[in-house]
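Subject: Structure for you to look at

Hello,

Here is the structure I said I would pass on. My notes follow below it.

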Amino acid sequence: MSRVVILGAGISGHTAAAFARKWLGRDDTVTVISPNESYNWIPSNIWVGVGLMRPAQVTFPLAPVYERHGIEFRQAAAREIHPEGDDASPDPYVVIETAAGARERVPYDFLINATGPRLRFDKTEGLGPDGHSLSVCTPEHAVQASAALDEAVQRMHRGQRQRFLVGVGHGTCTCEGAAFEYIVNLEFELRARKVRDKAEIIWITNEYELGDFGMGGMHLRRGGYVMPSNLFTESLFAERGIDWITRAHVSKVDKDRVCYETLDGAQREQEFDFAMLLPPFSGVGLRAYGRDGEDITSQLFLANDFMRVDADYTAKPFEQWAPGDWPRTYQSPAYPNVFAAGIAFAPPHAISLPHTSPNGTLIAPAPPRTGMPSAEIGKAVARSVADMIRGAKQPTHSASMAEMGAACVASAGAHLLTGTAASMTVYPIVPDFARYPQYGRDLNQTFGEIGLAGHWIKILLHHMFLYKARLRPGWAFIPE
Amino acid sequence: MAVPDPPAKPAQAADAAAGSPARAGAPPSHRAEAIAATAASSAKVTAGTAPYVTRPTRWTVFLRTFVPWQLWRFVRINAKMIRIIRRPRTSRR
C-alpha cells in the first residue's frame, strides 16, 4: 500500500489526483490537501469579473467529488515538508494547518506539490483588493471587480467619464493573457451597457511588445506573410480604442493613480478610476526540514519559493537558453519521491527576452504555466508516480514545455452572436530554435484567429472542463 | 521625478473612446498633433492615433461575426486544436 499526497487542488493538483486515483490500486491512498473547499475553473473568472457569471458557475465543492471517487480530502494549508521524517520515524510527512490553526502530520510515500502561486500583491505598494486595485485571480476578487465595474457604469450613466486601467501590477508578472482577456471583455461589456463613449481604457504591461504573453510572442502565417503576434494584438486594441503602455513596471498604486517605470528608466504616472492589475507570483512559502530538524528549504526550493525540479537552473545569458533547460519529469533532484506540478515548479528562466531599465529594474514577463500545460504536467507526474509505485525505478513519463504544444482561447467579448475570441495554438510552448531555426516554433501548428467561433469554443471548453473536473462519467476521455 | 501623463485633450479622449471608423475619419492635422503630443510626454500609445497599427478591413470585421462563415471556422479551429491536442505531449521515457 502506498500513500500519495497531493498539495493543492487547482488545475494541476486536481488533474494529478484524479489520474492517480484512476491508475492506482484500491489499496493505495490518494490524499488531496487544499486550503480551498472548492475547485475554481480560473479561466472563467474573467467573466465573473465583468458580471457575466456568478462564482457558483465557476466553482464547485471538492469534498463530494473526492468522496465519490475514493480520494481523501483535507481542507488545510500545507506548511512544512519533512522528506526524511524525524528522529522518531524515517517516514516522510507534511505538516498541514487548518483554518482553525490546528496542525497535523500527514505521512506520504509520494508527494506532489501542486500548490500553485502565492499572489504577491505585497510586491507593489498599494496593489490588490486590500490596496487600491482589483484582481480576478480568485472568485472573491472577481466579484469585487464586478461590483466596482457596476459602480463605474453607474457613474458613467450619470455623465461622468471614467478611466479604466487594466494589466499587470509589477515588472515580473505573468498571466498577461488573463489580463488581456479581462480588458477586451471589459470593453465589450461597456459597449453592451451603452457607456463606451464615457470610458477611456488603458492597458499597462511589462511585455516588451504587445502579444508577448510571457512566451516571447509568436509568429503566424497570414496573407502571404509571417507576422509577429504584436501586430494582431495592436490591431485588436486599436480597433477597440484601447490605449496601451508597454515595458512598464508598476512600482506603486495610489487611490487614483499608478506610478510606473518604463524600460528607458523614466518614472511616470497614470491616473485611473478603476484599476484591475494582476499581481506577481511566487511559491506559497513551504518550508522543508531534515531528519534532525535542520532547515533544508533551499534544497527543495529556489529563493522565489518555487520547487526545484529536474531543470537546468544554471544562470546563463539569453543566447544560451535551450529547450533542454526545461524540466521533463518534474521530480525533485533531492528527493525522488517528491514532484512539483503546475505553477509550483520553478522554471529555469523566462521564455521572453528579459530587459532591465537603467535603474536596474527587471521588466520581464515570467513564463506562463497555467491551463493546458499545467494539467498535462499533473497528468504526466501522476503517471510516473503510479508506475514508480508499481516498481519503476525512475519517472516513466515526461511533459516538457519545450516539447508540448498548447491551445488557448482568449475571450474578447461574450455574446452568442456578437461575441468574439482569439483562438490560438502554439507548438512548442518554449521556442526551439534548433528544430525550428527561423521562428522557434512550427508554423504549421502555430496559428491564431479572432471570431465568433472562438467564443463558441470558449463556452464549450468552460462546460467541458468543469464536467471533467467534476469527474463525471467519461471524464478521462476529455483532453487536458 | 515622476512625469504625469497630461490630461487628455477633449478630441483625443473622444478619439480614444470612439470606434475605429470615427478615428479613420479624423483629419490628418489632428492625428499628427496627437501623435506628437503622445510621443513627447507619455509612454502611452493612444489607439486612435497610433500611426503604424494594422487594422482589419470592414470585410474582415464582418466575417468575424457572420454566422455561416463562423460555423465553418468553428469546425476548422476545432480540427486545428485537436491536431495539437492529439500530438503526443507527454512521452514515455
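At roughly what angle do the axes of helix α1 and helix α8 of chain A cross? Before the answer, please note that this is a predicted model.

**The helix pair in chain A**

Helix α1 (residues 11-23) and helix α8 (residues 372-389) of chain A cross at roughly 35 degrees, and their axes come within 8 Å. The crossing of α1(A) and α8(A) is right-handed. On the α1(A) side the contact is made by A:I11, A:S12, A:G13, A:T15, A:A16, A:F19, A:A20 and A:W23. On the α8(A) side the residues are A:S374, A:A375, A:I377, A:G378, A:K379, A:V381, A:A382, A:R383, A:V385 and A:A386. Sorted by class, this contact of α1(A) with α8(A) has eleven nonpolar, five polar and two charged residues.

**A sheet with strands from both chains**

An open sheet of five strands has the order β19(A)-β11(A)-β12(A)-β15(A)-β2(B), and its pairing is mixed. Its edge strands, each paired on one side only, are β19 (274-278) of chain A and β2 (44-45) of chain B.

At the chain A edge, β11(A) (residues 162-168) and β19(A) are joined in the parallel sense over five bridges. In this pair A:V168 stands opposite A:L278 of β19(A). At the other edge, β15(A) and β2(B) run antiparallel and are joined by two bridges. There A:I245 stands opposite B:K44 of β2(B).

Two helices of chain A lie across strands of this sheet. Helix α4 (residues 139-157) of chain A lies across β11, β12 (199-204) and β19 of chain A, at about 155 degrees to β19(A). Helix α5 (residues 176-192) of chain A lies across β11, β12, β15 (242-245) and β19 of chain A, and runs at about 160 degrees to β11(A).

**Chain B and its contact with chain A**

Chain B has five helices and three strands, which follow the pattern β-α-α-α-β-α-α-β along the sequence. Of its 93 residues, 29% count as buried.

The contact between the chains takes 42 residues from chain B and 51 residues from chain A. On the side of chain B that touches chain A, the elements that give two or more residues are β1 (3-4), α1 (10-17), β2, α5 (67-86) and β3 (91-92) of chain B. The largest share of that side comes from α5(B), with ten residues. By class, the side of chain B that touches chain A divides into 20 nonpolar, eleven polar and eleven charged residues.

**The three-stranded sheet of chain A**

A further open sheet has three strands in the order β26-β27-β28 (chain A), with antiparallel pairing. Its edge strands are β26 and β28 (447-451) of chain A, each of which pairs on one side only. Direction ignored, neighbouring strands here are turned by 10 degrees against each other on average. Six bridges pair β26(A) with β27(A) in the antiparallel sense, and within that pair A:V409 has A:S423 of β27(A) as its bridge partner. Helix α9 (residues 452-469) of chain A packs on this sheet and touches β26, β27 and β28 of chain A. The direction of α9(A) makes about 75 degrees with that of β27(A).

The loop between β26 (406-411) and β27 (421-426) of chain A holds A:T418. Is A:T418 buried or exposed? A:T418 is partly exposed, because 14 other C-beta atoms lie within 10 Å, and a residue needs 20 or more to be buried and 12 or fewer to be exposed. A:T418 and A:G451 are 33 residues apart in sequence, and their C-alpha atoms are 9.1 Å apart in space.

**A hairpin in chain A**

β17(A) and β18(A) form a hairpin with four residues between them. A:G265, in the turn, has a positive phi of about 90 degrees. The strands β17 (residues 257-262) and β18 of chain A run antiparallel and are joined by five bridges, with A:Y260 opposite A:R268 of β18(A). Strand β18 (residues 267-271) of chain A has a covered face, made up of A:R268 and A:Q270. The uncovered face of β18(A) has A:Q267, A:E269 and A:E271.

Regards

Terms used
Residues numbered from 1 in each chain as written. Chains lettered and ligands numbered in written order. Predicted model: local features only at pLDDT ≥ 70, side-chain atom pairs only at ≥ 80, totals over all residues. Pairing = 2+ DSSP bridges. Contact = placed C-beta atoms within 7 Å. Axes fitted to C-alpha atoms, helices over the stretch in contact; angles between N-to-C directions. Nonpolar A, V, L, I, M, F, W, Y, C, P; charged D, E, K, R; others polar. Left-handed = near helix turned anticlockwise from the far one by under 90°.
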